[in-house]
Amino acid sequence: SVGAALAAVRKAKSEAKVGMRAEVTALTLTGPEAALDQIRAAEADLRAAGRITIDPTYAAGEHITATDVTLVPVEKASA
């Protein structure tokens, strides 16, 4: 479940055409309650891996998805 949540966050970053190092400043994770319980239990790891800087909002749903994602792209260092 945590891997699926991280994949959903990465998909949102990819669709927004930002790098994977972009920070997530808003996020709603949707999924079945049992999956959300597992994600909550490993939230610190998910936040570190996904560069999520806030506590995600959780909502019940059929599939694990990431919605209402707000991203802050990382500025590339000039050479």
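1. V74 is partly exposed in this predicted model, and its relative accessible area comes to 35%. The residue is found in the segment that follows strand β3. If neighbours up to four places away in sequence are not counted, V74 touches R21, A22 and R51. I39 is 35 residues away from V74 along the chain, and the C-alpha atoms of the two are separated by 26 Å.

2. For the overall fold, the secondary structure of the protein chain comes to three helices and three strands, and, read from the N terminus on, these elements follow the order α-β-α-α-β-β. The radius of gyration is 13 Å, close to the 12 Å that the globule rule gives for 79 residues, so the chain is as compact as a globular protein of that length. Along its principal axes, the C-alpha trace spans about 45 × 20 × 15 Å.

3. It is useful to ask next how much of the chain is covered and how its parts meet. Of the 79 residues, 33% count as buried, while the chain exposes about 4800 Å², of which carbon and sulfur atoms supply 52%. Among contacts between residues at least 6 apart in sequence, 79% join residues that are at least 24 apart.

4. Which residues have the most contacts inside the largest nonpolar core? They are L27, L29, I39 and L46, in a core that has 16 residues. Helix α1, strand β1, helix α2 and strand β3, which covers residues 65-72, each supply at least two residues of this core, and the largest share, four residues, comes from α1. L46 can be followed further: leaving aside its neighbours within four places in sequence, L46 is in contact with V2, A5, L6, L29, I39 and I52.

5. Helix α2, which runs over residues 33-41, has A35, L36 and I39 as its buried residues. Why can these residues be said to line one face of the helix? Seen down the axis of α2, the buried residues fall within an arc of 100°, so they line one face. On the other side of α2, A34 and A41 are exposed. The buried residues of α2 pack against four elements, listed here with their residue ranges: α1 (2-15), β1 (23-31), α3 (43-50) and β2 (57-60). I39 therefore deserves a second look, as it belongs to the buried residues of α2 and is also one of the residues with the most contacts inside the largest nonpolar core.

6. The structure holds five salt bridges, and one of them joins D37 to R40, with the closest N and O atoms 3.1 Å apart. The two residues are three residues apart in helix α2, and are therefore separated by about one helical turn. Both partners are partly exposed, for the relative accessible area of D37 is 45% and that of R40 is 36%.

7. A further salt bridge is formed by R47 with E43, where the closest N and O atoms are 4.0 Å apart. Both residues lie in helix α3, four residues apart, which is about one turn of the helix. Are these two residues buried or exposed? R47 is partly exposed, with a relative accessible area of 24%, whereas E43 is buried, with a relative accessible area of 16%; the cut-off that places E43 among the buried residues is a relative accessible area under 20%.

8. R47 also takes part in another salt bridge, in which its side chain meets that of D55 at 2.6 Å, N to O. D55 counts as exposed, at 57% relative accessibility. Taken together, E43, R47 and D55 are linked in a network of salt bridges, and this network has a buried residue in E43, a partly exposed one in R47 and an exposed one in D55.

Notes
Residues are numbered from 1 along each chain as its sequence is written. This is a predicted model: local features need pLDDT of at least 70, side-chain atom pairs count only at pLDDT 80 or more; totals for chains, interfaces and linings use all residues. Side-chain values use heavy atoms; hydrogens and water are left out. Buried means under 20% relative accessible area, exposed over 50%, partly exposed in between (1.4 Å probe, protein chains only). The arc is that of the directions from the helix axis to the C-beta atoms. Contact means heavy atoms within 4.5 Å. The radius of gyration is taken over C-alpha atoms; the globule rule is 2.2 Å times the number of residues to the power 0.38. Accessible areas come from the Shrake-Rupley method with a 1.4 Å probe; for residues, only the protein chains shown count as cover. A nonpolar core is a set of buried Ala, Val, Leu, Ile, Met, Phe, Trp, Tyr and Cys residues joined through side-chain atoms within 4.5 Å.
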